[in-house]
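Hi everyone, thanks for coming along. I'd like to walk you through one structure today, so please have the viewer open.

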Amino acid sequence: MIRPTLLRRLLLLDARIKLRHKLLIAFILIVLIPTLSIGFFSYKKSSSIIQEQTSHAYLEALRQTTINISYRLREVENISELIYTNEKLQKIVRRAAAQELSISEVYEDYKSLTEIITNLEKNRNIFRIRLFVPGNPLYATENRNIFPIHAVDAEKLNEELLNQPGFMKWSFVGQQAYLSNGIKSVLSLNRLMKDFEQVNNVLGAVAIDVDENTLNEVLRDMSLSLPYQALLVNKDTVITTYTNNKSDQLSISWDMLRNKLQSHPLPYKGYEKLEMDGKSYLYLVHPVDQLDWRLVVLIPTINITDQSTLLGFFISILTLILVVAAILLSIVLSGRITRPIHILADKMKGIEQGNFGEMVEVTGHDEISLLQRRFNRMSTEINSLIEEVYKITISKQQEEMKVLESRINSHFLYNTLDTVKWMAFRNKEPDIVQIVTSLSKFFRISLNKGNDVLTVDKELEHVAAYMDIQNVRFNGQLGYHPVVDAEILGLEIIKLILQPIVENGIIHGVNRKADKKGNIVIRGVIVGEFIEFMVIDDGVGMDAAARDRLFTSSTTGYGLRNVHQRLVLTYGPDCGVRVWSKPGMGTAVKLILRKERKALPLERA
């Protein structure tokens with residue numbers, strides 16, 4: 001029941017909306033829906049592309065950073081190679097292992113070792129070189145660059161580094177105490193020193209310490225445009241970390257990140273979104289070449305979406321401009337489409353009001369133009385039909401008038417002759433002269449030399465002659481009282497409009513009274529552009545049903561209906577006959593005419 005009701009309401013609403021509004025809504029929807037859809041999906045796709053491109057660009061920055069880290073570490077490895085391959089150092093360490101040193105040799109060896117190590121420590125990436133020699137020579141107590149190594153430690157170190165590439169291994173030492181520099185956070189490259197003369201023999205070891213700040217500088221040099229936090233990690237250990245922004249969004253500890261990664265493993269290399277502590281981050285990771293290290297970078301996604309937000313703002317502004325332009329264009333187009341229809345409707349309204357022959361300008365070759373052409377053709381046809389019907393009606397009225405005149409002539413001639421015969425039979429009094437005179441005047445005014453119009457005073461004279469004749473029949477019991485404004489006596493009206501009404505009043509009103517006695521009153525006044533006559537009798541009157549039959553029945557009220565039709569045809573639809581009557585009270589008939597005859601279609605043509 002819900003769907004049909006909703007559909008019915010929509011159909012009713014659609015039926016009430018004007019065509020222009022329908023077109024306007026249709027145009028707006030046609031433009032609005034695709035524009036908003038394109039804008040929305042463009043924003044989404046653009047945001048995705050921005051994030052993807054940003055991620056790729058930052059991942060490339062990570063790759064370049066890992067290359068820089070590897071390059072610095074390889075420099076350190078190259079330094080260790082120089083130590084490893086130094087023949088002089090090999091001899092010194094071999095002598096220390098043999099424990100065959102004199103005081104002078106100890107001094108010379110210490111001096112040589114110090115010179116070699118000092119020169120190599122000048123490299124920018126090296127903080128300290130530590131040499132571990134066997135045999136516990138005297139200079140091994142220096143505890144700055146040269147340290148003793150016991151057999152047990154040497155064996156343990158040998159096992160740890162023997163299977164490593166190049167017999168060396170990087171390890172994060174963390175906080176390390178130095179005599180001259182205090183505590184430093186370092187990472188070290190540990191490498192075995194094999195005896196070139198006896199390859200299976202380990203002479204000692206070298207540890208090259210790199211300050212954590214050295215790698216921190218590399219992380220700082222990434223120069224990413226957005227706030228980020230970088231962590232260089234070795235398995236579960238953080239080697240160094242760097243943050244280019246001190247906001248709370250980047251205060252992520254390695255423990256927190258490690259716990260998150262344990263529950264949600266991320267790729268060893270690549271990028272992905274990560275939710276942590278109620279905040280969203282872009283997680284990027286790239287391995288360091290030849291080491292079990294990874295460079296991890298965290299970037300708050302809110303900083304990435306700022307660019308998308310700016311893009312979304314411009315897309316929204318552009319969409320708004322397009323929508324406003326579309327609405328304005330829709331208003332113009334809908335008005336242009338419906339304007340010819342409004343003009344056509346106005347012309348149709350004119351035809352409804354009687355302005356036949358209305359024409360519209362044909363404005364093109366579309367469907368509306370087709371309607372305009374057909375309307376013009378229809379209007380022409382209607383006008384032609386109206387003129388034809390008018391001609392036929394006028395002709396019919398003329399014939400009816402002739403029939404009426406003949407009926408009047410024959411009827412009165414018969415009655416008059418009968419009256420004359422009766423009077424002559426009675427006593428031959430002078431009344432015969434009077435009735436014959438009135439009858440002559442009646443027929444003379446009725447014929448009016450064939451003219452359809454006469455003056456008001458002539459029409460009243462015609463009624464007076466008729467009343468004189470009728471008073472002879474009714475023994476002078478009929479009273480006639482014309483009360484007409486003098487200013488309308490000279491105006492021309494169509495003939496024979498008052499006498500048929502007076503005749504109806506006498507025959508159907510006064511004559512039906514028991515005493516056959518009554519009065520006829522005629523009043524004539526000017527009301528604006530109209531002439532109004534009121535014919536009043538004090539006869540028996542009639543009820544509403546009988547009054548209505550005067551205009552519809554073909555057997556009664558012929559004279560009154562004929563007068564009404566002639567007035568409407570001659571003076572227009574706002575003229576004609578109006579009847580008021582009440583049983584026992586009499587009847588009042590109003591005739592409404594114009595002072596001038598109305599221009600009818602036939603006359604316009």
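Let's begin on the surface, with a nonpolar patch formed by Leu 320, Val 324, Ile 327, Leu 328 and Ile 331. Together, these residues offer about 410 Å² of accessible area. Keep in mind as we go that this is a predicted model.

Take Ile 331 from that patch: you will find it in helix α8, which covers residues 301-352. Is Ile 331 buried or partly exposed? Its relative accessible area is 34%, and buried would mean under 20%, so Ile 331 counts as partly exposed.

Ala 325 is found in helix α8 too. Its relative accessibility is 41%, so Ala 325 is also described as partly exposed. Now, which distance separates Ala 325 from Val 31 in space? In sequence they are 294 residues apart, yet from C-alpha to C-alpha the distance is 9.9 Å.

Next, please turn to the sheet. Five strands make up an open sheet, and reading across you meet them in the order β2-β1-β5-β4-β3, with mixed pairing. Why do β2 and β3 each have one side without a neighbour in the sheet? β2 (146-148) and β3 (168-178) stand at the edges and each has a single partner strand, so one side is left free of a neighbouring strand. From one strand to the next, the twist averages 30 degrees.

Let's look at β3 and its partner. Strand β4, residues 182-194, is joined to β3 by ten bridges, and the two run antiparallel. If you want a pair to click on, Ser 171 stands opposite Ser 188 in β4.

Helices pack on this sheet as well. Helix α4 (residues 103-120) touches β1 (128-133) and β2, and the direction of α4 makes about 145 degrees with that of β1. Then there is α6, which packs on the sheet by touching β4 and β5 (202-211). The angle between the directions of α6 and β5 is about 50 degrees.

Let's finish inside α6, which spans residues 212-220 and includes Asn 216. Is Asn 216 buried or exposed? With a relative accessible area of 14%, Asn 216 is buried, because the cut-off for buried is under 20%. And which residues does Asn 216 touch, leaving aside those up to four places away in sequence? They are Thr 240, Thr 241 and Tyr 242.

That's my tour, and I'm happy to take questions!

Note on methods:
Residues are numbered from 1 along each chain as its sequence is written. This is a predicted model: local features need pLDDT of at least 70, side-chain atom pairs count only at pLDDT 80 or more; totals for chains, interfaces and linings use all residues. Side-chain values use heavy atoms; hydrogens and water are left out. Helices (H or I, at least four residues) and strands (E, at least two) are DSSP runs, numbered from the N terminus. Buried means under 20% relative accessible area, exposed over 50%, partly exposed in between (1.4 Å probe, protein chains only). Contact means heavy atoms within 4.5 Å. Patches are made of residues with over 30% relative accessible area and no salt bridge: like charges are joined within 9 Å, nonpolar side chains (Val, Leu, Ile, Met, Phe, Trp, Tyr) within 5 Å. Accessible areas come from the Shrake-Rupley method with a 1.4 Å probe; for residues, only the protein chains shown count as cover. A salt bridge is a side-chain nitrogen of Lys or Arg within 4 Å of a carboxyl oxygen of Asp or Glu. Two strands pair if DSSP finds at least two bridges between them. Axes are lines fitted to C-alpha atoms, for helices over the stretch in contact, and angles run from 0 to 180 degrees between N-to-C directions.
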